[in-house]
Amino acid sequence: QQQQQQQQQQQQQQQQQHSQQQQDGGAQVKDKNKNVGLSLVAIALGTVALAYLAVPLYRLFCQQTGYGGYVSHDRVTAAEEQHEVQTDRPLVVRFTSSTHASMPWQFCPVQREIKVVPGTPTLALYTATNPTDEDIVGVASYNVSPARAGLYFHKIEFFCDDEQLLRAHEEVDLPVLFHIDKAFADDMSMKDVHDITL
């Protein structure tokens, strides 16, 4: 009888140990699952944040470096206005336009091209017309071709990236005041560029 009691006690102890191990194992699995779940949430949030920031960061990069034909935005100082210009290297700047299929505006450059001298501020105009019976807000985007010339195309006053409200049947002239950096004429990689398209 004593042996039976000892065996029963041993069995109870083994069952308790087994039960404790299962509880410990379950807690470890729960902890692991919780850690994996938190990691997945963090990855998902990080991916969403990167996707959200990708476009503005890429645009900022392009605007700062001139990459992809983006132009940089400058303010012309008095010193820049008085600098020596490269009159021996005139360029033709051509102006084009297009509108998205869903945009009913008529949008076109007033002039098709202008001959410019690097370092000289130049004014060009685009005309936007809203032929509809309702007010419409539009935003223009731009680039410069060839893309490598975008580094030298400096906008002083430019309507792009700003919302433009056109009332029903309204027509407006939108200014583009810019200059081609005088360093353009000294850049050997630009020697074959005689035309720039905005």
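Is D192 buried or exposed? At 52% relative accessibility, D192 counts as exposed, where exposed denotes over 50% relative accessible area, buried under 20%, and partly exposed the range in between (1.4 Å probe, protein chains only). The structure is a predicted model, in which local features require a pLDDT of at least 70 and side-chain atom pairs count only at pLDDT 80 or more, whereas totals for chains, interfaces and linings use all residues. Residues are numbered from 1 along each chain as its sequence is written, and side-chain values use heavy atoms, with hydrogens and water left out.

The strand arrangement was examined with DSSP runs, helices being H or I runs of at least four residues and strands E runs of at least two, numbered from the N terminus; two strands are taken to pair if DSSP finds at least two bridges between them. An open sheet of 3 strands follows the order β4-β2-β10, with mixed pairing. The edge strands of this sheet are β4 and β10 (195-197), each of which pairs on one side only. From one strand to the next, the twist averages 25°, based on axes that are lines fitted to C-alpha atoms (for helices over the stretch in contact), with angles running from 0 to 180 degrees between N-to-C directions. Strands β2 and β4 run antiparallel and are joined by 4 bridges, and within this pairing V93 stands opposite I114 in β4. Strands β2 and β10, by contrast, run parallel and are joined by 3 bridges; here the bridge partner of V92 is D195, while R94 stands opposite T197.

Strand β9 takes part in further pairings. Between β5 and β9, which run antiparallel, there are 8 bridges, and L125 has P175 in β9 as its bridge partner. Strands β7 and β9 also run antiparallel, with 5 bridges joining them, and the bridge partner of K155 in β9 is F178.

The largest nonpolar core was then considered, a nonpolar core being a set of buried Ala, Val, Leu, Ile, Met, Phe, Trp, Tyr and Cys residues joined through side-chain atoms within 4.5 Å. This core holds 31 residues, of which F159, F178, I180, I196 and L198 touch the most other members. At least two residues of the core are supplied by each of β2 (91-94), β4 (113-116), β5 (122-129), β7 (153-158) and β9 (171-180), and β9 gives the most, with 5 residues. For I196, contacts (heavy atoms within 4.5 Å) beyond four places in sequence include L91, V92, V93 and R94, as well as V144, F153, I180 and F184.

A search of the whole structure finds 4 salt bridges, each defined as a side-chain nitrogen of Lys or Arg within 4 Å of a carboxyl oxygen of Asp or Glu. In one of them, the side chains of R94 and D195 meet at 2.6 Å, N to O; this pair links distant parts of the chain, with R94 in strand β2 and D195 in strand β10, 101 residues apart. R94 is partly exposed, with a relative accessible area of 32%, and D195 likewise counts as partly exposed at 32%. A further salt bridge joins R148 to D192, the closest N and O atoms being 3.2 Å apart. Because R148 lies in the loop between β6 and β7 and D192 in the loop between β9 and β10, the pair ties together parts that are 44 residues apart in sequence. R148 counts as partly exposed at 39% relative accessibility, whereas D192 is exposed. Salt bridges that share partners join R94, E113 and D195 into one network.

The side chains of D135 and R167 also meet in a salt bridge (2.9 Å, N to O). D135 is located in the loop between β5 and β6 and R167 in the loop between β8 (163-166) and β9, so the pair ties together parts that are 32 residues apart in sequence. D135 is partly exposed at 40% relative accessibility, and R167 is partly exposed with a relative accessible area of 47%.

N130 is likewise found in the loop between β5 and β6 (136-139), but N130 is buried, with a relative accessible area of 0%. Leaving aside neighbours within four places in sequence, N130 is in contact with residues including W105, D135, R167 and H169. The side chain of N130 also makes a polar contact with the side chain of T132 at 2.6 Å, a polar contact being a pair of N or O atoms within 3.5 Å, of which, within protein, one must be able to donate a hydrogen and the other to accept it, with residues adjacent in sequence counting only if both atoms are side-chain atoms.
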